[in-house]
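Subject: Structure handover

Hello,

Here is the structure I said I would pass on. My notes on it follow below.

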Amino acid sequence: MAGPKASGLDLGRIVSEVHDELATRIGEGTVADYIPELARVDPRQFGIALVTPEGEVAAAGDADRPFSIQSISKVFLLTLALGRVGESLWTRVGREPSGSPFNSIVQLEHEAGRPRNPFINAGAIVVTDVAMAGHSPREAIGEILRFMRYLADDDDIAIDRAVAASELDTGARNQALGWFMRSFGRLDHEVEKVLGVYFHHCAIAMSCRQMARAGLFLAASGRDPLRGHSVVRPARARRINALMLTCGLYDASGDFAYRVGLPAKSGVGGGILAVAPGQASICVWAPGLDAFGNSRLGGLTLEALARRTGWSVFG
Ligand code: DON
């Protein structure tokens with residue numbers, strides 16, 4: 001679609017101009033190398049896509065190339081787990097920013113194995129454990145993949161098995177988190193099984209266009225506005241957004257809220273999903289990361305996009 005819409009914003013033009021402006025910095029940052037399969041990704045890739053509740057799509061650059069969604073999957077696992085057990089989930093995991101790196105273990109001992117929030121690795125491992133209830137690991141992985149395909153309205157989405165295997169081979173830190181939480185009796189399933197499911201949902205591959213579409217319900221009060229389905233109730237969408245704002249970029253969440261002003265979730269594959277409530281679901285991808293494990297160019301792109309559109313949850 002082309003031309004200005006009811007919002008008065010020409011989103012197609014804004015997205016392509018923001019892309020061209022930031023493309024001069026393509027390749028900045030460092031690809032995640034603690035997962036060998038991700039270390040092989042070409043850092044010189046950069047895509048943006050957004051979808052509005054009216055169905056307008058604007059995209060630029062490598063918006064159709066699948067990337068490893070990694071921790072962005074944690075938003076969708078949280079949605080599934082809340083659907084399963086409701087607010088009782090919060091007996092298992094907190095809702096506070098950790099102020100620590102995504103893979104930190106230090107707070108866990110002081111806090112009796114209850115992770116600070118669902119987006120740090122320890123928290124997402126617990127959320128995965130909850131979402132697995134009543135399922136074999138294979139069924140749980142299938143359910144998560146189906147949920148992503150349903151939300152993105154695209155059956156082509158798949159898991160990159162090489163990435164999942166790579167993380168299984170090298171994920172000593174996540175193993176440590178799993179076993180440590182288990183020592184506090186915090187996991188219902190065997191550590192190996194929970195981590196198997198966790199690594200597979202992190203290894204889902206999606207393009208910016210697919211991810212922006214999948215996140216649209218968070219920008220549309222919990223509804224899929226394009227099919228008229230309810231995904232979650234409005235209050236739940238609001239709360240997931242609140243957690244993304246406060247915890248979605250780990251120990252850089254405060255700085256990101258200051259610079260961008262939108263709820264977002266990053267992944268070490270270099271993707272960031274951002275939500276402008278009522279306006280758009282946005283996904284940017286550039287594999288080079290900053291010291292916090294967030295896409296460097298992705299953050300700069302969202303900052304420029306928020307400035308150009310005036311989108312912010314802060315008025
Ligand atoms: O567990 C891990 O370390 C990865 N599968 C996910 C970490 C991640 O994406 C952190 N995000 N910025």
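A salt bridge here is a side-chain nitrogen of Lys or Arg within 4 Å of a carboxyl oxygen of Asp or Glu. Asp-153 and Arg-227 fit that definition, because their side chains meet at 3.4 Å, N to O. Please keep in mind that this is a predicted model.

Domains

The domain assignment splits the protein chain into domain 1, made of 5-67 and 206-309, and domain 2, which covers 71-202. Where they touch, 37 residues of domain 1 and 36 residues of domain 2 take part. Taken over C-alpha atoms, the centres of domain 1 and domain 2 are 21 Å apart.

The contact between the domains

The size of an interface is often given as the accessible area lost when the parts come together. For domain 1 and domain 2 the buried area is about 3,000 Å², with 71% of it on carbon and sulfur atoms. On the domain 1 side, Arg-236, Leu-243 and Tyr-250 supply 20% of the area buried against domain 2, more than any other three residues.

As for polar links, there are 2 salt bridges between domain 1 and domain 2. The count of residue pairs in polar contact between domain 1 and domain 2 is 8, with both residues at pLDDT 80 or more.

Several elements give two or more residues to the side of domain 1 that touches domain 2, among them α2 (36-39), α10 (208-214), α11 (216-219) and β9 (271-276). The largest share of that side, 7 residues, comes from α12, a helix that spans 234-247. Sorted by class, the domain 1 side has 21 nonpolar, 9 polar and 7 charged residues.

The sheet

An open sheet is formed by 3 strands in the order β3-β5-β4, with antiparallel pairing. Its edge strands, β3 (67-68) and β4 (158-159), each pair on one side only. Between β3 and β5 (residues 204-206) there are 2 bridges. In this pair, Ser-68 stands opposite Ala-205 of β5.

The loop before β3

Asp-62 lies in the loop between β2 (57-61) and β3. Leaving aside residues up to four places away in sequence, Asp-62 touches Gln-45, Phe-46, Gly-47 and Trp-285. Ala-49 is 13 residues from Asp-62 in sequence, and the two are 9.1 Å apart in space, C-alpha to C-alpha.

Regards

Terms used. Residues are numbered from 1 along each chain as its sequence is written. This is a predicted model: local features need pLDDT of at least 70, side-chain atom pairs count only at pLDDT 80 or more; totals for chains, interfaces and linings use all residues. Side-chain values use heavy atoms; hydrogens and water are left out. Two strands pair if DSSP finds at least two bridges between them. Helices (H or I, at least four residues) and strands (E, at least two) are DSSP runs, numbered from the N terminus. Domain bounds come from an automatic or database domain assignment. Contact means heavy atoms within 4.5 Å. Buried area is the accessible area (1.4 Å probe) that two parts lose on being put together, summed over both. A polar contact is a pair of N or O atoms within 3.5 Å; within protein, one must be able to donate a hydrogen and the other to accept it, and residues adjacent in sequence count only if both atoms are side-chain atoms. Ala, Val, Leu, Ile, Met, Phe, Trp, Tyr, Cys and Pro count as nonpolar, Asp, Glu, Lys and Arg as charged, and the others, Gly among them, as polar.
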